Amino acid sequence: MNLKKTSLLITKWIFICLLIGIFSGCASAFFLVSLEWVTQYREHHNWIIWLLPIGGLCIGLLYHFYGTDVIKGNNVLLEEYENPKKTIPLKMAPMVLIGTLITHLFGGSAGREGTAVQMSGAIADQFTGLFKLNNSDRKTLIILGISAGFASVFGTPLAGALFALEVLYFSKITYRSIVLSFLTAYVAYFTVEFWQVAHTHYHIPIVPQITVTILGWIIIVSIIFGFASMLFSRSTHFWGKLFSKTIAFPPLRPLIGGLILAVAIYCIGTTKYIGLGIPTIVESFSATNPWYDFILKIVFTGFTLGAGFKGGEVTPLFFIGATLGSALSTIVPLPVALLAGMGFVAVFSGATHTPIACTVMGMELFGIESGLFIGIACVVAYYSSGSVGIYNSQIVKGSKYKLYQRFKRKDLEDF
């Protein structure tokens with residue numbers, strides 16, 4: 001390839017990165033502002049939770065009649081990456097946006113990562129036709145979409161770029177994809193910054209020196225974090241299968257699920273376990289949480305998503321990990337903020353099989369001083385979380401795959 005063609009190719013991909021980053025960043029900024037508005041409205045008008053069944057029915061009908069080809073959410077991106085067939089419909093972006101805002105407005109327990117990633121992935125894939133790209137280039141576009149969505153919604157560009165690569169287990173990924181993933185992540189991140197949309201900040205004030213005893217405690221709590229990841233993943237899949245088996249007409253699943261959720265929220269007398277749960281996450285870094293907080297969040301989120309409501313899983317995973325770590329501070333001789341931070345990313349690592357991205361995310365959010373604690377926690381939780389993650393279509397490979405095959409002597413899909 002001569003110099004002119006090389007220069008044109010580089011220019012084209014930089015232009016594509018800029019477009020994806022800007023459009024995805026703008027979409028995430030709008031989403032974050034809208035999400036904050038519906039959350040505040042719900043918190044000041046709790047009566048609206050009783051309309052959760054109606055909201056669920058609206059989501060169910062929307063996807064049943066117009067979105068059957070995008071209803072699998074993030075799994076659509078993973079499947080199209082592994083086996084490219086057709087361009088991801090652009091309608092995925094507005095549909096998941098509307099579905100997520102309805103979920104949060106009326107009191108469902110869900111996150112935001114899935115929404116941002118799906119919007120960005122759908123936006124990115126539209127450039128396939130515009131630039132007449134082949135299937136290999138489409139894979140790069142999907143990576144860029146995941147990277148932009150994750151980086152922009154959490155304010156962690158390094159982790160966003162790595163997450164896009166690692167969630168695909170670096171499968172058939174080129175050096176070009178790696179460079180472009182980082183470029184797109186930063187463009188999306190700075191686009192959200194341009195719109196002056198703030199991200200949540202966390203702080204770990206005390207990081208002790210690692211000793212043999214402390215290392216032992218880190219490994220113990222990290223195994224517990226891995227078990228929490230496994231419990232969350234299996235809970236979400238369990239409720240999804242249960243609703244599918246027991247309710248034949250899909251739109252009725254979130255309707256009935258919404259009714260059960262509304263009654264449950266009324267009975268427990270608190271909205272602590274619905275929505276994103278950001279205030280509780282922040283509080284867990286300075287105060288000890290009750291031991292049951294993480295369990296209730298698993299139940300509410302798994303039930304919400306299993307019933308067919310929309311939203312991501314990652315922020316609930318942050319909630320689960322942070323509150324679990326905070327609760328463990330009563331028996332583990334480590335600072336509460338450090339345990340909360342370790343759980344924050346370790347549970348996420350186990351549920352998504354992405355220990356590298358989660359380690360980097362921890363250092364971006366909490367500071368490089370806690371990096372060794374964070375890294376050990378993410379790796380141990382990754383190996384102790386089982387073979388089933390939150391994404392059905394994610395392919396598990398490498399040492400973890402071999403480890404669980406050796407233990408179970410059967411394919412991981414059956415474990």
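This report describes the surface, the internal spaces and the salt bridges of a predicted model.

## A nonpolar patch on the surface

A nonpolar patch covering about 660 Å² lies on the surface. Its members are Leu61, Phe65, Tyr66, Phe249, Leu252, Ile256 and Ile260. Helix 2 (52-66) and helix 11 (252-268) are the elements that contribute two or more residues to the nonpolar patch.

Tyr66 serves as an example from this patch. Tyr66 belongs to helix 2, and its relative accessibility is 56%. Because exposed means over 50% relative accessible area, Tyr66 counts as exposed.

## A buried tyrosine

Tyr81 offers a second case of a tyrosine in a helix, being placed in helix 3 (residues 74-82). The relative accessibility of Tyr81 is 1%, so this residue counts as buried; the term buried applies under 20%.

Tyr81 may also be used to consider distance in the fold. Along the chain, Tyr81 and Ile220 are 139 residues apart, and their C-alpha atoms are separated by 36 Å.

## Enclosed cavities

Rolling a probe the size of a water molecule over the atoms reveals where empty space remains. In the whole structure, three cavities of 30 Å³ or more are found. The largest cavity holds about 90 Å³ of space. It is lined by 13 residues, and those closest to its centre are Arg112, Phe154, Thr200, Tyr202 and Leu365.

Several helices take part in the lining of the largest cavity. At least two residues each are supplied by helix 7 (135-154), helix 12 (278-284), helix 14 (314-328) and helix 16 (355-366). Sorted by class, this lining consists of nine nonpolar, three polar and one charged residues.

## The second largest pocket

The second largest pocket contains about 430 Å³ of space. Its lining is made of 23 residues, and Glu36, Thr39, Leu276, Ile278 and Pro279 lie nearest its centre.

Helix 1 (3-44) and helix 12 each give at least two residues to the lining of this pocket. Helix 1 provides the largest share, with eight residues. The lining of the second largest pocket comprises ten nonpolar, eight polar and five charged residues.

## Salt bridges

Seven salt bridges are found in the whole structure. One of them pairs Arg42 with Glu43, with 3.1 Å between the closest N and O atoms. Arg42 is buried, at a relative accessible area of 2%, whereas Glu43 is partly exposed, at 33%. Another joins Glu79 to Lys72, and here the closest N and O atoms are 2.9 Å apart. In this pair Glu79 is partly exposed, with 30% relative accessibility, and Lys72 is also partly exposed, with 47%.

A further salt bridge is formed by Asp125 and Arg138, the closest N and O atoms lying 2.6 Å apart. This pair links distant parts of the chain, since Asp125 is in helix 5 (residues 113-125) and Arg138 is in helix 7, 13 residues apart. Asp125 counts as buried, at 0% relative accessibility, and Arg138 counts as buried, at 4%. Salt bridges with shared partners connect Glu80, Asp125 and Arg138 in one network.

Technical notes:
Residues are numbered from 1 along each chain as its sequence is written. This is a predicted model: local features need pLDDT of at least 70, side-chain atom pairs count only at pLDDT 80 or more; totals for chains, interfaces and linings use all residues. Side-chain values use heavy atoms; hydrogens and water are left out. Patches are made of residues with over 30% relative accessible area and no salt bridge: like charges are joined within 9 Å, nonpolar side chains (Val, Leu, Ile, Met, Phe, Trp, Tyr) within 5 Å. Accessible areas come from the Shrake-Rupley method with a 1.4 Å probe; for residues, only the protein chains shown count as cover. A salt bridge is a side-chain nitrogen of Lys or Arg within 4 Å of a carboxyl oxygen of Asp or Glu. Helices (H or I, at least four residues) and strands (E, at least two) are DSSP runs, numbered from the N terminus. Buried means under 20% relative accessible area, exposed over 50%, partly exposed in between (1.4 Å probe, protein chains only). On a 1 Å grid over the protein atoms alone, a cavity is a set of points where a 1.4 Å probe fits but cannot get out, and a pocket is an open set with protein on both sides within 12 Å along at least five of seven lines; lining residues have an atom within 4 Å of a point. Grid points are joined across faces, edges and corners, and a volume is the space filled by probe spheres set on the points. Ala, Val, Leu, Ile, Met, Phe, Trp, Tyr, Cys and Pro count as nonpolar, Asp, Glu, Lys and Arg as charged, and the others, Gly among them, as polar.
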